Amino acid sequence: MSCAPCWQDILPGTITLGASSRSVETGLWRSVRPILDAGKCVSCLRCWVQCPDSSIQTCDGGTVQGIDMFFCKGCGICAAVCPVGAISIRPESDFLEETGPSGGVNPVKVGELVGQC
Amino acid sequence: MGSAEAVLFEDKRLRREMTSGNMAFAEAMRQINPDVVAAYPITPSTEIPMKFAEFVANGLVDTEYITVESEHSAITACVGASVSGARVMTASSANGVALMHEIFPIAAAFRAPIVFGLVNRSLGAPVNINCDHSDSMPERDSGWIQIYCEDAQEVYDTALLSIRLAEHKDVLTPIFVCQDGFITSHCYEPVEFLSDEAVKEFVGLREAVYPLLDVDNPVSYGSFVTSEYYFEIKRNQIEGMNNAIRVDGEISGDLARLTGREYPPLDCYRTDDADYVAVIMSSATGVVKDVADELRARGIKAGCIRVRMFRPFPSKEISAALSGKKGVAVLDRSASPGGVSPLAAEVKSALYMSCRDGFVPVFEFIYGLGGRDLFPDDVKAVFEKLRAGNCGCGASYIGLRDKMGGGD
């Protein structure tokens, strides 16, 4: 999970430095997420080929290791192309404790950032 | 003239000429010698790009002068040049300013320290070329600093100090240097100019923080951001505005050491012991000051506040200056149809938190739309209404032909 910068740490002028997309957690846009059942997976790599966000993690031998949630937007292509039903799609609301109710951007609970000037 | 001042004239650190607000701004531009000017002429600011084009043609400046096909293109070119690291100036008025509107918040968010000669003129329709503040007021939330000058001397001085204020690392915010169309922009009056060397030394060179043309340290401006980042970026931008009054004080102090002229955010005239105060901006201030003098001679404690800096608005300063007054009249040169006039809204808002210490009645007056003059007798009538407590809760109009009389 990223820890997005406070306003004081923002560079002036809407500036972004090079390769900044690497640090932007587009996974925060997800409303559903893929869950891999490693017992069913046969590492055919169809999901690895089709994933638009390069989120399928593999080891050197070409075996599927898991799914990186940092850039995964929950499009569901991996589950759709899986020939053995090893990937299921579940709503993000099942994982609230993991991401925090504010979507993981703020390091504190919702309501604790009200009223600062 | 004091002896110290005489020495300044003798060794040519100062010269005094008859000139106009437009010509004073153009002369400041010549001395500042900006890297880029992109402009499209419109009355009554036309003389600024016109005179500056002459300086360019005669080789008196090193500026890249970009002629464009519209005001929108002019300000867009200014923004591109400014984020590239250039020192940039331009000018416009009225509907030209309105056409630029889309780009103003972008310039402010890019922290592009453009210094802009805004010569106030009424917004059409109907078409009218004379002064009111209806062109600059719609830009009050665009993120630009707004300074309203009373006369040509102040236009010149403010152009110089605005370069440093806009480019200051704690501010990095573009500035509108506003003057009243025709009244200030075209009338001739004596103005003291610094020497070219003194100006060069005063404004220095721009040190851009993240210039787009620094290919060894590449950056992007204005990329798409989601809701996770936009809020913090805007708050970061607002901090530049929050620092502007402090930094303006420092830079005004530096300029005052060269010129002897000081420019606080509020110009308070005989307000300390005043019972009744009129608040106004720009060129009509002198009328109010004269009337205050006349009323003082008759034993009425009248005062005047000229708001010089409208963005950021000096709320604390005006609240302190007006606390305990028996009545305040705010004279606006623009209207906010369906709302409170811009200057009155700021003054009332500033006084709200201090109302526990005693209520100060504030009344709205709208004057001078489309260049209509404000006369001493108008201002006297305003003070009479204040003394009588005879003001409505909405806006009253000054000098308006009205079957029902003056205002509601």
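Start with helix α7 (residues 152-167) of chain B. In this predicted model, α7(B) lies across three strands of chain B, namely β5, β6 (145-148) and β7, and runs at about 170° to β7(B).

**The strands under α7(B)**

Select β5 (residues 115-120) and β7 (residues 175-180) of chain B. Six bridges pair these two strands in the parallel sense. To see one of the bridges, pick V119(B), whose partner in β7(B) is Q179(B).

Now widen the selection to the whole sheet. Seven strands of chain B form an open sheet with mixed pairing, in the order β3-β2-β4-β5-β7-β6-β13. The edges are β3 (64-67) and β13 (309-311) of chain B; each has a single partner strand, so one side of each is left without a neighbour in the sheet. On average, and with direction ignored, neighbouring strands of this sheet are turned by 20° against each other.

Stay with β5(B) and go on to the loop between β5 and β6 of chain B, where A125(B) is found. The peptide bond leading from G124(B) to A125(B) is cis, with omega near 5°. As a rule, most peptide bonds are trans.

**A helix beside α7(B)**

Return to α7(B) and add helix α2 (residues 21-32) of chain B. The axes of the two helices come within 8 Å and cross at roughly 30°. An angle under 35 degrees counts as roughly parallel, so α2(B) is roughly parallel to α7(B). The crossing of α2(B) past α7(B) is right-handed.

Which residues make the contact between these helices? On α2(B), select G21(B), A24(B), F25(B), E27(B), A28(B) and I32(B). On α7(B), select A152(B), V155(B), Y156(B), A159(B), L160(B) and I163(B). Colour them by type: ten residues of the contact of α2(B) with α7(B) are nonpolar, one is polar and one is charged.

Then move to N33(B), in the loop between α2 and β2 (36-39) of chain B. N33(B) is not a glycine, yet has a positive phi of about 55°. Most residues other than glycine have a negative phi. Is N33(B) buried or exposed? N33(B) is partly exposed, because 17 other C-beta atoms lie within 10 Å, whereas a buried residue needs 20 or more.

**The second sheet of chain B**

Next, select β10, β12, β11, β14, β15 and β16 of chain B. These six strands make an open sheet with mixed pairing, in the order β10-β12-β11-β14-β15-β16. Here β10 (266-269) and β16 (396-397) of chain B stand at the edges; each has a single partner strand, so one side of each lacks a neighbour in the sheet.

Focus on β14 (residues 327-332) and β15 (residues 362-366) of chain B, which pair in the parallel sense over five bridges. V330(B) stands opposite E364(B) in β15(B).

Two helices can be added here. Helix α12 (residues 342-352) of chain B packs on the sheet and touches β11, β12, β14 and β15 of chain B, and its direction makes about 150° with that of β14(B). Helix α11 (residues 315-322) of chain B lies across β10, β11 (276-280), β12 and β14 of chain B, at about 10° to β10(B).

In the loop between β13 and α11 of chain B, find P312(B). The peptide bond from R311(B) to P312(B) is cis, with omega near -5°.

Another loop to visit joins α10 (285-297) and β12 (302-307) of chain B and holds G299(B). G299(B) counts as exposed because it has 6 C-beta neighbours inside 10 Å. Measure from G299(B) to I145(B): the C-alpha atoms are 39 Å apart in space, and the residues are 154 apart in sequence.

**Across to chain A**

Now show both chains. Where they meet, 19 residues of chain B are in contact with 14 residues of chain A. On the chain B side, β9 (219-220) and α9 (227-259) each supply at least two residues, and α9(B) gives the most, with six. That side of chain B divides into eleven nonpolar, four polar and four charged residues.

Select β1 (residues 16-17) of chain A together with β9(B): two bridges join these strands, which run antiparallel. T16(A) has S220(B) as its bridge partner in β9(B).

Finish on chain A alone, which has three helices and five strands. From the N terminus on, the elements run β-β-α-β-β-α-β-α. Of the 117 residues of chain A, 17% count as buried. The last stop is L45(A), in the loop between β2 (32-36) and α1 (46-50) of chain A. L45(A) has a positive phi, near 70°, and is partly exposed, with 13 other C-beta atoms within 10 Å.

Technical notes
Residues numbered from 1 in each chain as written. Chains lettered and ligands numbered in written order. Predicted model: local features only at pLDDT ≥ 70, side-chain atom pairs only at ≥ 80, totals over all residues. Contact = placed C-beta atoms within 7 Å. Helix = DSSP H or I, 4+ residues; strand = E, 2+ residues; numbered from the N terminus. Nonpolar A, V, L, I, M, F, W, Y, C, P; charged D, E, K, R; others polar. Pairing = 2+ DSSP bridges. Axes fitted to C-alpha atoms, helices over the stretch in contact; angles between N-to-C directions. Parallel < 35°, antiparallel > 145°, perpendicular 65-115°, else oblique. Left-handed = near helix turned anticlockwise from the far one by under 90°. Buried ≥ 20, exposed ≤ 12 C-beta atoms within 10 Å, placed from the backbone.
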